[in-house]
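Reader: Hello! I have this protein open in front of me and would like a close look at a single part of it, its nonpolar interior. Could you take me through that part and then show me how the rest of the chain relates to it?

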Amino acid sequence: MTEAPVSAFTPAARVRRIRVSPSSAAAARVRELKAQGRRIFDFTVGEPDFDTPQDVKDAAVAAIARGETKYTPVNGTKELRDAIRDRVEATMGVRYGDEGISVGGGGKQLIYLAFSASLDEGDEVIVPAPYWVSYPDMVLANDGTPVVVPTRAEDGYKLTAETLRSAITERTKWVVLNTPSNPTGATYSRAELEAIAEVVAEAPHVLVLTDEIYADLVYSDAGGRATSLAEVAPGIRDRILTVNGVSKSYAMTGWRLGYAVGAPGIIGAINLLQSQTSSCPSSISQAAAAAALSGDQSFVAHAREVYQARRDRAVELVDAIDGLVPVRPDGAFYLFVDCSALIGRTTPEGAVLETDQDVVLHLLDAAGVAVIQGSAYGTSPFFRMSFATDLDTIEQGIAAIGEAVAALTPAQ
Ligand code: PLP
């Protein structure tokens, strides 16, 4: 047997600047513990626990049978573009031509391509915290500078017009909005969006990337659907890139299909990069996504109701635990929990909890509960738990969290 050669490989600077997604890392840890035979209540998962609707699967099988197994245009099949156009018009009230639509391997890839297509070294991207874990790393990977702007509990963890105004500089290229937000579920109202749009209107060099991947999953008591910035701000519409996809609304995370709509300039640049990277997303996933977007929408309504019942139960149970304060989400399927009261408490093994990472490790060790530390989302001391899991797991898991918290000795 010959020895494997020692690699001369050194990652590029852009790779050295970024980290493994904390949610992927948490999922790997959960898999490892489960493989060792431990029972784990897994609240790390960022994807629906539903199966993809049958009519969507059928559409994919039919596409294969018809031989739709070849490259498609970079900006997707006509069928998919039409389905996106109609869905976007129905939900956002804005109609985009073909030159205003990009498709990609998930909303995630399109956000990456948007940064890649626009950022030069030193360009700034305003990222309100708590943020989805990937934004700062995607900015860094594309030579940009993330400018993390903390939000406040009293503002519902949303970016305000004043905070935005003071964060904008000459180097600001993008502001990132995420409504509803991962990890807080915070959803911007029409008035909040209008106030933000006014600030953006005053700064003509600034673009807005609005990530609306959870827009369909807003609870009935918060309006049933997120209001879209492009809808309320026609005056700056040519500077808004709206990202969405089928992953969360239709339980299609594995199909890897997202889309973006916006002005022809940025969309053209994204499509050019796409043409030199993946050429196009999978033709079969495109057929499935077209069916999801243009078909019967009752699946989405049903999923929303189920998530809402879980949200209500999870909020109620976490709220009852002394030391934990849940942020009540308006949408998406995450509960962001303030655990600052646990900092300084001592575990039965004698360790003092100093950070939210310590809290998360204690919950994993003592309760077999997997959650993700707030520091991954730029906000501590918090943790995020996904409730895209059945009610039994939610109830038993939160009961286990309660016991692990009760076992802590208060700080002196
Ligand atoms: N944006 C947010 C806020 C997310 O939470 C996710 C997935 O977790 C995505 C975008 C990416 O979704 P996808 O690439 O599956 O379309």
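Author: Happy to! A nonpolar core here is a set of buried Ala, Val, Leu, Ile, Met, Phe, Trp, Tyr and Cys residues joined through side-chain atoms within 4.5 Å. Please keep in mind that this is a predicted model. With that in hand, let us go inside. The largest nonpolar core has 47 residues, and Ile84, Leu164 and Leu229 are the ones that touch the most other members. Leu164 makes a good place to stop: leaving out residues up to four places away in sequence, Leu164 touches Ile126, Leu159, Val175, Ile196, Val199 and Val200. Apart from the largest core lies another one, of 41 residues, and its members include Ala314, Leu335, Val359 and Ala404. There is a general background to this: in soluble globular proteins, nonpolar side chains tend to be buried together.

Now let us step back to the chain that holds these cores. Its secondary structure consists of 14 helices and 13 strands. For 412 residues, a compact globule would have a radius of gyration near 22 Å, and the protein chain agrees with that because its own value is 22 Å. Along the principal axes, the C-alpha trace spans about 60 × 55 × 55 Å. Buried residues account for 54% of the 412 residues. If you take the contacts between residues at least 6 apart in sequence, 72% of them join residues at least 24 apart. On the outside, the chain exposes about 17300 Å², of which carbon and sulfur atoms supply 52%. As for charge, there are 36 positive and 52 negative side chains, and the centres of the two sets lie 4 Å apart.

The loops are worth a visit too, starting with three glycine and threonine positions. Gly374 lies in the loop between E12 and E13, and Gly374 counts as buried because its relative accessible area is 0%, where the cut-off is under 20%. Beyond its neighbours up to four places away in sequence, Gly374 touches Phe336, Asp356, Thr379, Ser380, Phe382 and Phe383. A partner from another stretch of the chain is Val133: 241 residues separate Val133 from Gly374 along the chain, while their C-alpha atoms are separated by 9.9 Å.

Gly323 sits in the loop between helix H12 (298-319) and strand E9 (325-327). This glycine is buried as well, with a relative accessible area of 14%. Its C-alpha is 5.0 Å from that of Ala341, a residue 18 places away in sequence. Ala341 is also one of its contacts, together with Asp338, Cys339, Leu342 and Arg345, once neighbours within four places are left aside.

Thr253 belongs to the loop between strand E7 (240-245) and strand E8 (258-261). With 18% relative accessibility, Thr253 counts as buried. Apart from neighbours within four places in sequence, Thr253 is in contact with Glu47, Pro48 and Ser247.

Some backbone details deserve your attention as well. Most residues other than glycine have a negative phi, and most peptide bonds are trans. Against that background, the bond from Ala129 to Pro130 is cis, with omega near 5 degrees. Pro130 is found in the loop between strand E3 (124-129) and helix H6 (134-141). Ser380 and Pro381 are also joined by a cis peptide bond, with omega about -10 degrees. You will find Pro381 in the loop between strand E12 (372-373) and strand E13 (382-386). Ser380 came up earlier, too, as one of the residues that Gly374 touches.

For phi, look at Asp143 in the loop between H6 and strand E4 (145-150). Asp143 is not a glycine, yet its phi is positive, near 70 degrees; its relative accessible area of 32% makes Asp143 partly exposed. Ser279, in the loop between helix H10 (264-275) and helix H11 (283-294), has a positive phi of about 70 degrees although it is not a glycine. Ser279 is partly exposed, with a relative accessible area of 28%.

Finally, a nonpolar residue on the outside rounds off the tour. Val61 is part of helix H3 (residues 54-65), and Val61 is exposed because its relative accessible area is 54%, with exposed meaning over 50%. Along the chain, Val61 and Ala287 are 226 residues apart, and their C-alpha atoms are separated by 9.1 Å.

Technical notes. Residues numbered from 1 in each chain as written. Predicted model: local features only at pLDDT ≥ 70, side-chain atom pairs only at ≥ 80, totals over all residues. Heavy atoms only, no water. Helix = DSSP H or I, 4+ residues; strand = E, 2+ residues; numbered from the N terminus. Rg over C-alpha atoms; globule rule 2.2 N^0.38 Å. Buried < 20%, exposed > 50% of the residue type's maximum accessible area, 1.4 Å probe, protein only. Contact = heavy atoms within 4.5 Å. Areas by Shrake-Rupley, 256 points an atom, 1.4 Å probe, with all protein chains shown as cover. Lys, Arg positive; Asp, Glu negative; His and termini not counted. Charge placed at Lys NZ, Arg CZ, Asp CG, Glu CD.
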